Amino acid sequence: MIRYGIIGCGNVFENFQVRPLMSTEGLKVVGVCDIDEKKVKQVQEKYNIKKGTTNYYDLLGDKEIDVVIINLPQHMHVQPCLDAAKAGKHIYVEKPIATTLEDAKKIINACQQNNVKLCVGHQRRFINVEMKAKELIKQGYLGKIFKVRAIACWYEECEIESRKWLLNFELGGGGPLMRWGIHKTDTLRYLLDQEAIRVYAEADRFVHRREDITVEDNCVSLIRFNEGTIAELEVSNSQYEGGFSRGETIEMWGDKGTLWYQPSTGLMEFYSKKKTNVVNEDSFIKLKLEPDHKEFIRIHRKFIESIEKDLTPPVTGEDGYKALEMVIASYKSAKELKAVSLPIPVKS
Ligand SMILES: NC(=O)c1ccc[n+]([C@@H]2O[C@H](COP(=O)([O-])OP(=O)(O)OC[C@H]3O[C@@H](n4cnc5c(N)ncnc54)[C@H](O)[C@@H]3O)[C@@H](O)[C@H]2O)c1
């Protein structure tokens, strides 16, 4: 049994993580920490968690804890990650790994030096329809993929009183690109099995114009990958959904086939010229993989296994770094009005 301590019990913990964690075989949450004492008590009572503290060093010094999850606002990931690595705890850090490439590197190095496992919270790789897409690509149904379009666009009220940091670059936030576009940069890299070499982006704020909001509300990035694929990434939190707007989708075109899918509904449309038992020549297939919402369980099962068997974690620090690098490159490109080459030079 791997024992977990949670640092930060805000939105991601309460709305996404806690239920899957409670039902993941092989792990037990034994401690929680938040600077908000009331929240700690509530969480302990609600989920029957033994230990609670407002000081994360208490969890790091606790011999009973093997893994810590860092759920703090993203600009605050670096210090607790360095401290946790030094304390010999394995780390699951929420996405983005950090808000700068320098911090991301520090986290990766600290984990290597202290011989602890690091997993970054890009759980969306383990959504069932996303896994199906990966399988189809691996089996060659699309052939050589030359173009991808990843869309994550919807409307969101920016009235997040308790999470003001989100809306402000200076407070460590980021717009839709940093918040959920980074899941897409991870997905692109994961599905294509290629590295980004050049990014050109345009970003702006059109709709959310309050003075306290300094982050973009729309961004379009063009990303060139090392085997030639061109990807277009569109993110928005100010696009009303309706009619033609499909929220979140991935579209891919290869020299043998075409794939479209929608993670939120599990709908997939797929055409391939490759003949097999499953897909006949020139066939067009529509599938629906009912979302099972088990992606958090899958990533943690794999993470636990990587700790127990000394394997590579399901999403490594390097994966988190590369996903962040495409986001940073997009912001840099939008600011400097020019294409940015990757890798971006970083002092180590
Ligand atoms: N994987 C996903 O799909 C997903 C979804 C949402 C958010 N996230 C990520 O999760 C992270 C947290 O986001 P959130 O939306 O939960 O933010 P949040 O602001 O709702 O929660 C952060 C929590 O950390 C606590 N906190 C702040 N400083 C602390 C400290 N020094 N010690 C202990 N606790 C402290 C706050 O009181 C708060 O409860 C971010 O990196 C975010 O990008 C990931």
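So, the shell around the ligand: by class, that's 10 nonpolar, nine polar and five charged residues. Keep in mind that this is a predicted model. In total, 24 residues surround the ligand, and the closest are Val12, Asp34, Lys39, Gln74 and Glu94.

Which helix gives the most to that shell? Helix 1 does. That's residues 11–22, and three residues of helix 1 belong to the shell.

Now the polar side chains. Start with Asn11: a polar atom in the Asn11 side chain sits 2.9 Å from an oxygen atom of the ligand. Then there's Glu94, already mentioned as one of the closest residues. Here a polar side-chain atom is 2.9 Å from a ligand nitrogen atom. And Gln123 also has an N or O atom in its side chain 2.9 Å from a nitrogen atom of the ligand. How much of the ligand's accessible area does the protein cover? On its own the ligand has 850 Å², and the protein covers 87% of that. As for where the ligand sits, the space it takes is the largest pocket.

Okay, let's step along the chain from Glu94. Lys95 and Pro96 are joined by a cis peptide bond, with omega at about -15°. You'll find Pro96 in the loop that runs between strand 5, residues 90–94, and helix 5, residues 101–113.

There's a cis bond at Pro343 too: the peptide bond from Leu342 to Pro343 is cis, and omega is near 0°. Where does Pro343 fall? Look in the segment after strand 15, which is residues 340–341.

While we're on backbone angles, have a look at Asn48. Asn48 isn't a glycine, yet its phi is positive, about 55°. Asn48 belongs to the loop between helix 2, residues 37–47, and strand 3, residues 51–53.

Last stop, strands 8, 9 and 10. Strand 8 covers residues 196–204 and strand 9 covers residues 218–225; those two run antiparallel, joined by eight bridges. To find your way on screen, pick Ala196 and look across to strand 9, where its bridge partner is Phe225.

Strand 9 also pairs with strand 10, residues 230–236. Parallel or antiparallel? Antiparallel, over seven bridges. Here you can pick Arg224, which stands opposite Ile230 in strand 10.

And what do strands 9 and 10 form? A hairpin, with four residues between the two strands. Gly228 is in that turn, and its phi is positive as well, about 105°.

So if you open the model afterwards, try the ligand first, with Asn11, Glu94 and Gln123 on display. Then go to the cis bond between Lys95 and Pro96, and finish on the hairpin of strands 9 and 10.

Methods:
Residues numbered from 1 in each chain as written. Predicted model: local features only at pLDDT ≥ 70, side-chain atom pairs only at ≥ 80, totals over all residues. Heavy atoms only, no water. Pairing = 2+ DSSP bridges. Near = heavy atom within 4 Å. Polar contact = N/O pair within 3.5 Å; in protein donor to acceptor, adjacent residues only side chain to side chain. Areas by Shrake-Rupley, 256 points an atom, 1.4 Å probe, with all protein chains shown as cover. 1 Å grid on protein atoms, 1.4 Å probe; cavity = no way out; pocket = protein on both sides within 12 Å on 5 of 7 lines; lining within 4 Å. Sits in = over half its atoms within 2 Å of the grid points. Nonpolar A, V, L, I, M, F, W, Y, C, P; charged D, E, K, R; others polar.
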